Amino acid sequence: MRQHRTPRLLGTLLLVAAAGISVAGAAHSESSRTATPLGQVVPAPASVHAGGSPYRITDGTRIRVEDSPQARQVGAYLADVLRPSTGYRLPVTTQGTGGIRLRIAAGSTGAEGYRLDSGQSGVTITAAAPAGLFHGVQTLRQLLPAAVEKNSVQPGPWLVAGGTIKDSPRYGYRGAMLDVSRHFFGVTQVKRYIDELALYKVNKLHLHLSDDQGWRIAIDSWPRLATYGGSTQVGGGHGGYYTKADYKEIVRYASSRYLEVVPEIDMPGHTNAALASYAQLNCNGTAPPLYTGTEVGFSSLCVAKPVTYDFVDDVVRELAALTPGKYLHIGGDEAHSTSHADYVTFMDKVQPVVAKYGKTVVGWHQLTGAHPVKGAIAQYWGLDDTSATEKAQVAEAARNGTGLVLSPADRVYLDMKYTADTPLGQDWAGLVEVKRSYDWDPGAYLPGAPASAIRGVEAPLWTETIVTGADIDYMTFPRLPGAAELGWSPASTHDWDTYKVRLAAQGPRWEALGIGYYRSPQVPWPTA
């Protein structure tokens, strides 16, 4: 899978050939005087009907919300985005008319969909649930000039184009993974990443919490996992781990941005940090040294020992208790030091433990070589040229009821180099430029897998070479928005030539947010 880092975010100046507007000669000053077309956001909305006068945010604008804690929270979030750059008070209130209205009402938008209506008298975002309101707010942000993301007063004007957007996601699982095991990232950096994901309507944060190089979550019943197993990282640095309070804060913050945390404890391989922490987890009773390299496939829990399953039960129980979300990821990839028979035995014993503590099993797609339990999710990380036999195994499991989350490594692994000259990342899955990352269809990607089995898309970021928050930004942007669009937007909107223009308009927004990104030559970025 990988042999092989609290801003606010994004879009403006978008221009598509379909709208008859050219990006070539546009200047930043022009974008500040005209409203961004309604369809020029990422991910592409399901339905756009442009027309009528724009709405202008002024010092008299109010943010009107339903009298519910969730609606108030979304309204406060929006006000926090808009106040620094506009300089306006923008009170959040349940009273009055006009302005920006956030409304929860039963309808056909689904749990995450929304409707945005804009006209001269105001903007109304309507959703059936708070998550939809929040996603609608992200669209509203992108309809405003990029300068709205700055932390100092900007000149405006703050126009929202007239018309209606009706929007809901193609898939319910739209994820990004951050590997905090190879290099550790603290709570503040994880929160920053959550904020970066939120604008693109990503709704799952997969945290890779354990690997050969580090164990990153405190487990009370096995304390040395974190204090010793988490004491280093790739290259021999200090490492670190999350206390239970730290992890709860990440979960809380993610929830406030309508992201669900999916924790992963990788097993039976990728377990050297655990094996080094407790000798009894090794078949020979001897703890290996801590590991700070980048090789894979050399470690394994001792499948025959009863203590292994006491360990698994304790870890899953404590982690499940900390995690309100539906899923718990048990890894299962690259178990090269575990025989196939032992692997099957291990997975058959571990999956029911996850269910016992109320969670749905997620595993890397090698899980399909065992016996996935009913309702399990397999995360596919193969390549376009992965063997037909391996693909067929995954497709058969999908036909038998196993759900699939697609993370093809040569498409959406964010740690792959863009080009041979990219200073960060790896290239074992190939070079992954922006077009390659975007230009594929999740619904038709895996031969023989029914489209109904596809739960969504996830973009993983492995961190063997990723050390700082700036490294995270550079490898994530501009590829992450494309993966998010694949998960959200209807297949009918998928078109590289129009997408690259919408993507180009995100550049000024990232700059306003302090996000350093890769300026791919495949994308017509605006000139200063």
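## Strand β6 and its sheet

In this predicted model, Leu116 stands opposite Ile165 in β9, and a second pairing between these strands matches Asp117 with Thr164 as its bridge partner in β9. Strand β6, residues 114–119, and strand β9, residues 163–167, run antiparallel and are joined by 5 bridges. Strand β6 also pairs in the antiparallel sense with strand β7, residues 122–127, again through 5 bridges, and here Ser118 stands opposite Val123 in β7. The connection from β6 to β7 is a hairpin of 2 residues.

These strands belong to an open sheet of 7 strands with mixed pairing, whose order is β1-β9-β6-β7-β5-β3-β4. Strands β1 (47–50) and β4 (92–93) stand at the edges, and because each has a single partner strand, one side of each is left without a neighbour in the sheet.

## Strands β17 and β18

Strand β17, residues 377–380, pairs with β18 in the parallel sense over 4 bridges, and one of the matched positions is Tyr380, whose bridge partner in β18 is Leu406. In a regular strand the side chains alternate between the two faces of the sheet. Strand β18, residues 403–406, is covered on both faces, with Gly403 and Val405 buried on one side and Leu404 and Leu406 buried on the other.

## The nonpolar cores

In soluble globular proteins, nonpolar side chains tend to be buried together. The largest nonpolar core of this model has 139 residues, and the members that touch the most other members are Trp215, Ile217, Tyr242, Tyr247 and Phe311. Helix α8, residues 306–322, supplies the largest share of this core, with 8 residues. Apart from this core lies another, of 10 residues, which includes Met177, Tyr413, Met416 and Ala429.

The surroundings of Tyr242 can be described in some detail. When its neighbours within four places in sequence are left aside, Tyr242 is in contact with Val180, Phe184, Phe185, Gly186, Val187, Val190, Leu209, Arg216, Ile217, Ala218, Tyr247 and Ile250.

## The disulfide

The model has 1 disulfide, formed by Cys283 and Cys302, whose sulfur atoms are 2.0 Å apart. The link of Cys283 and Cys302 is right-handed, with 105° about the S-S bond. Both cysteines lie in the loop between α7 (272–277) and α8, and they are 19 residues apart.

Are the two cysteines buried or exposed? Cys283 is exposed, with a relative accessible area of 58%, whereas Cys302 counts as buried, at 3% relative accessibility.

## Aromatic pairs and charges over rings

The structure holds 26 aromatic pairs. In one of them, the rings of Tyr200 and Phe477 have their centres 6.4 Å apart and their planes at 50°, so the pair is tilted. The pair links distant parts of the chain, since Tyr200 lies in the loop between α4 (187–198) and β11 (204–208) while Phe477 lies in the loop between α13 (469–476) and α14, 277 residues apart. Tyr200 counts as buried, at 0% relative accessibility, and Phe477 is likewise buried, with a relative accessible area of 0%. Ring pairs link both residues with Trp510, Tyr517 and Trp525 into a cluster.

Charged side chains also meet aromatic rings in this model. The charged end of Lys201 sits over the ring of Trp488, 5.6 Å from its centre, and the charged end of Arg479 sits over the ring of Tyr418, 3.8 Å from its centre.

## Helix α15 and its cover

Which residues of helix α15, residues 496–504, are buried? They are Trp496, Tyr499, Val501, Arg502, Leu503 and Ala504, a list that holds the charged residue Arg502 beside nonpolar ones. The cover over these buried residues includes α12 (434–438), α14 (479–488) and α16 (507–513).

Conventions
Residues are numbered from 1 along each chain as its sequence is written. This is a predicted model: local features need pLDDT of at least 70, side-chain atom pairs count only at pLDDT 80 or more; totals for chains, interfaces and linings use all residues. Side-chain values use heavy atoms; hydrogens and water are left out. Buried means under 20% relative accessible area, exposed over 50%, partly exposed in between (1.4 Å probe, protein chains only). Contact means heavy atoms within 4.5 Å. Two strands pair if DSSP finds at least two bridges between them. A nonpolar core is a set of buried Ala, Val, Leu, Ile, Met, Phe, Trp, Tyr and Cys residues joined through side-chain atoms within 4.5 Å. A disulfide is a pair of cysteine sulfur atoms within 2.5 Å. Rings of Phe, Tyr and Trp (its six-membered ring) pair if their centres lie within 6.5 Å; planes under 30 degrees apart count as stacked, over 60 as edge-to-face and the rest as tilted. A charge sits over a ring if NZ of Lys or CZ of Arg is within 6 Å of the ring centre and within 35 degrees of the ring normal.
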